[in-house]
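Trainee: I have just opened this one and would love a guided tour. Could we go through it together?

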Amino acid sequence: MKKYIVETYYTCTFKTVHTLKDLNDQELSKIDSRTDGDVELIDVKLNNRKTKKIGEKNKNKNDSPIVDSSFTKNIAENLVNKNKSKQDNIQSSLKTKNTSRFKMPDRRKGYIQKAQIGDHKVYLHTGEYNDGKIGEIFIDTNKEGELVKAMMNNFAIAISLGLQYGVPLDEYVDAFLDTKFEPSGNVLGNDRILSASSILDYVFRELAISYLGKEELAHTPSIASTKNISSSNTENDKFLKIVKNITSKGFVRSNLEEKLVDLSDVRINLKSKN
């Protein structure tokens, strides 16, 4: 009676699940370096088998057990079913979290940017959360009919709702950047954008520069200096922290430290000379 050793190879697919307190670009950029995720088994596949004949030289290996494929298959199915149930529980909890809307505060920060694209004047209004993240937009133009006005207003509402439900601004920028329709051409009134292929291209180019810091989308370089004011001392840190609470992040285009001047040590003598 001949004896054989059967080598069975499996391919296991795993995934790592991380829990985020806040869904923002800063947390997502650090997710690859995190080591606190839960590892879950997704799938186990049987690749191939290799059979070796047991000769007289391999007598010591005669006692090694032969792996039953049905047994390993049952183990793999049990692992997959167990991880699927855990995955369903996690997905259900994530769905409940994603359906929550982060409403804007009643009194909010933001800015208004006026620009002219061709013969059309465009007014972009933004609203921000207390931490400076954008949460709503409004788009107004001077030359528009009732249909165009209603479409632009409802489009801005749809974008605002998406932002408040957690859709990243990056997704909107990628979707609407470089869209082409009239009015288009030279842009007047914006110091960073000189031309646009449409109103949507202008709006999301402006938002990307102001809130995401994407300087590659601007047509002119930033005039802000490269000096890091916040690293000088703790006094400036306290000063900047106070000012951040009352300053629009989009208005200063994410360069708060570069555009503020600390006047705490300035003394002005208002007494008239006799």
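**Touring the sheet and the surface**

Mentor: Happily! Let's start at one pair of residues: A115 stands opposite V122 in β4. Keep in mind that this is a predicted model.

Trainee: How many bridges join strand β3 to strand β4?

Mentor: Strand β3 covers residues 112-117 and strand β4 covers residues 120-128. The two run antiparallel. The number of bridges joining them is 6.

Trainee: In what order do the 5 strands of the open sheet stand?

Mentor: The pairing in this open sheet is antiparallel. β5 (134-141) and β7 (195-196) each have a single partner strand, so they stand at the edges, with one side of each left without a neighbour in the sheet. The full order is β5-β4-β3-β6-β7.

Trainee: Which helix packs on the sheet?

Mentor: Look for a helix that touches β3, β4, β5, β6 (185-188) and β7. Its direction makes about 40 degrees with that of β4. Spanning residues 199-211, this is helix α5.

Trainee: Stepping back, how many helices and strands does the protein have?

Mentor: From the N terminus on, the elements run β-α-β-α-β-β-β-α-α-β-β-α-α-α. Counting along that string gives 7 helices and 7 strands.

Trainee: Is R101 buried, exposed or partly exposed?

Mentor: R101 lies in the loop between α2 (69-98) and β3. Its relative accessible area is 38%. Buried means under 20% and exposed means over 50%. Since 38% falls in between, R101 is partly exposed.

Trainee: What is the C-alpha to C-alpha distance between R101 and G166?

Mentor: In sequence, R101 and G166 are 65 residues apart. R101 also touches L161, Q164 and Y165, leaving aside residues up to four places away in sequence. In space, the distance from R101 to G166 is 7.8 Å.

Trainee: Which residues form a nonpolar patch on the surface together with M151?

Mentor: M151 lies in helix α3, residues 146-164. With a relative accessible area of 54%, M151 is over the 50% cut-off, so it counts as exposed. The patch has about 330 Å² of accessible area together. M151's partners in the patch are L147 and V148.

Trainee: And for the protein as a whole, what share of the residues is buried?

Mentor: The accessible surface comes to about 19200 Å², of which 53% belongs to carbon and sulfur atoms. The protein has 274 residues, and the buried share of them is 28%.

Technical notes. Residues numbered from 1 in each chain as written. Predicted model: local features only at pLDDT ≥ 70, side-chain atom pairs only at ≥ 80, totals over all residues. Heavy atoms only, no water. Patch = residues over 30% accessible without salt bridge, like charges linked within 9 Å, V, L, I, M, F, W, Y side chains within 5 Å. Areas by Shrake-Rupley, 256 points an atom, 1.4 Å probe, with all protein chains shown as cover. Salt bridge = Lys/Arg side-chain N within 4 Å of Asp/Glu carboxyl O. Helix = DSSP H or I, 4+ residues; strand = E, 2+ residues; numbered from the N terminus. Buried < 20%, exposed > 50% of the residue type's maximum accessible area, 1.4 Å probe, protein only. Pairing = 2+ DSSP bridges. Contact = heavy atoms within 4.5 Å. Axes fitted to C-alpha atoms, helices over the stretch in contact; angles between N-to-C directions.
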